[in-house]
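This report covers the enclosed and open spaces of one protein model. Where does each space sit, and which residues line it?

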Amino acid sequence: MELGKGVADQRRKRIIQIVFMGFMGLLLFFTLFSNTLQSLTLPKVTTEQPKMGGIELAIEGSGIIQSIADAKLSSSTDWKVQQILVKEGERVKKGQKLITYDSQSARQEIEVEVTNLEKQRIEHQNLQDQFIQSSIDEDELKLRSAKREIEKGKLDMVAQERKINQMRERLSKDQVLMAPFDGIVTKLNAVEGLASAGEPDVIVSNSSQGYRFEVGADAKRLSSIGVSIGERIEVEVDTDNKQRSSVMDGVIEEITNAEPLIEGGSDEGTVTATVPQKIIRIKIIDAKLKGGEQARIKIEKSSLEKGLLVSSGAVHQDREGKYVFVVEQQPGALGNVFVARKVNIEFSEKNDKETMIQSDRIYEEDKIILKSSEPLQDGNRIRLE
């Protein structure tokens with residue numbers, strides 16, 4: 001009887017143990033299941049690790065190619081243009097005739113002065129005859145007067161001859177406009193049948209001196225990538241009426257200060273920023289150039305400064321400034337959990353893909369949140385992709 005009672009007690013205890021273990025198992029299962037369900041509702045994030053190095057930066061710009069040395073040529077007279085012998089864009093040689101002028105009025109003036117010279121010579125002969133007559137008459141006073149008139153006449157004839165020679169030289173020089181050097185006719189303002197109207201009749205560029213164009217650039221970026229005077233760069237130039245382009249060798253001839261760029265809106269209360277600017281002047285020497293072509297440059301270099309590089313999509317901004325979310329691992333009741341931690345940063349440079357950041361709270365081994373399935377706030381639990 002007592003033996004049967006003991007067996008029943010043991011069976012009851014075993015049942016209780018089984019029920020208790022089953023209950024604990026169910027409790028553990030539902031706990032784990034609920035945690036799994038909860039983790040599935042957490043924002044899913046994609047991460048990346050920052051890398052140390054320089055950031056790839058580019059400076060781009062375009063401008064119109066112009067001759068370094070131009071000669072602006074016009075007639076020094078008010079003569080009308082008789083004939084234009086060249087066209088815009090034409091290459092010319094030193095001494096080549098460019099324009100001829102109607103010099104008929106000048107020729108007529110010379111003829112008048114030559115006639116006056118002949119009159120002076122005839123008058124000089126009359127004075128000589130008077131001198132001879134005075135000598136015959138032995139009239140000392142008349143003799144001396146005639147002698148003075150003869151000397152004066154000689155001086156007048158010398159002055160007249162000099163005047164005629166100067167007029168002829170001027171005629172020879174001004175009736176034809178010639179190229180002062182080998183070059184290209186870049187502008188032609190002269191019109192046949194009309195006198196000069198204030199503008200140079202023709203502009204000739206000195207092709208041997210080369211050409212230049214200039215572009216504006218961010219001063220800080222120029223310094224970041226170390227662009228310097230004397231550096232050789234490739235220049236893309238539009239040729240053949242922009243139907244084709246050619247790559248030519250250029251050299252940075254000069255870097256000068258320019259007016260700063262003002263960034264920011266015009267709305268009241270909007271903060272504006274002043275961005276220092278530079279002008280880059282590039283020199284090109286190429287026989288294909290004529291001046292007036294469109295030219296472009298793109299200088300790509302890695303920055304001299306080193307820093308942590310992250311994708312630009314990982315960088316956010318609010319009223320406090322720029323920041324990124326860093327994955328932080330924390331211990332939990334059922335294991336480690338992951339939390340998004342907001343870290344404020346400073347950035348020095350960026351391109352269309354990467355941003356160089358500075359922060360004493362971010363390291364190369366950290367995981368930076370690049371994308372999230374939901375908007376994040378500081379301290380949000382997350383699940384890694």
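A cavity is a set of grid points where a 1.4 Å probe fits but cannot get out. Its volume is the space filled by probe spheres set on those points. In this predicted model, the largest cavity holds about 50 Å³ of space. One cavity of 30 Å³ or more turns up in a search of the whole structure.

W79, A106, E109, I110, M167, R170 and L171 line the largest cavity. Helix 2 (104-137) and helix 3 (140-174) each give two or more residues to that lining.

The largest pocket has a volume of about 400 Å³. Its lining has 15 residues, and D218, K220, E263, V275 and E349 are the closest to the centre. Helix 4 (219-225), strand 14 (244-263), strand 15 (273-284) and strand 21 (346-350) each supply two or more lining residues. Strand 15 gives the most, with five residues.

The two linings divide by class as follows.

| Lining | Nonpolar | Polar | Charged |
|---|---|---|---|
| Largest cavity | five residues | no residues | two residues |
| Largest pocket | five residues | four residues | six residues |

Now the whole chain. The protein has four helices and 24 strands. Of its 385 residues, 31% are buried. The exposed surface is about 25,200 Å², and carbon and sulfur atoms supply 49% of that area. Among contacts with a separation of 6 or more, 73% join residues 24 or more positions apart.

Notes
Residues are numbered from 1 along each chain as its sequence is written. This is a predicted model: local features need pLDDT of at least 70, side-chain atom pairs count only at pLDDT 80 or more; totals for chains, interfaces and linings use all residues. Side-chain values use heavy atoms; hydrogens and water are left out. Buried means under 20% relative accessible area, exposed over 50%, partly exposed in between (1.4 Å probe, protein chains only). Contact means heavy atoms within 4.5 Å. Accessible areas come from the Shrake-Rupley method with a 1.4 Å probe; for residues, only the protein chains shown count as cover. On a 1 Å grid over the protein atoms alone, a cavity is a set of points where a 1.4 Å probe fits but cannot get out, and a pocket is an open set with protein on both sides within 12 Å along at least five of seven lines; lining residues have an atom within 4 Å of a point. Ala, Val, Leu, Ile, Met, Phe, Trp, Tyr, Cys and Pro count as nonpolar, Asp, Glu, Lys and Arg as charged, and the others, Gly among them, as polar.
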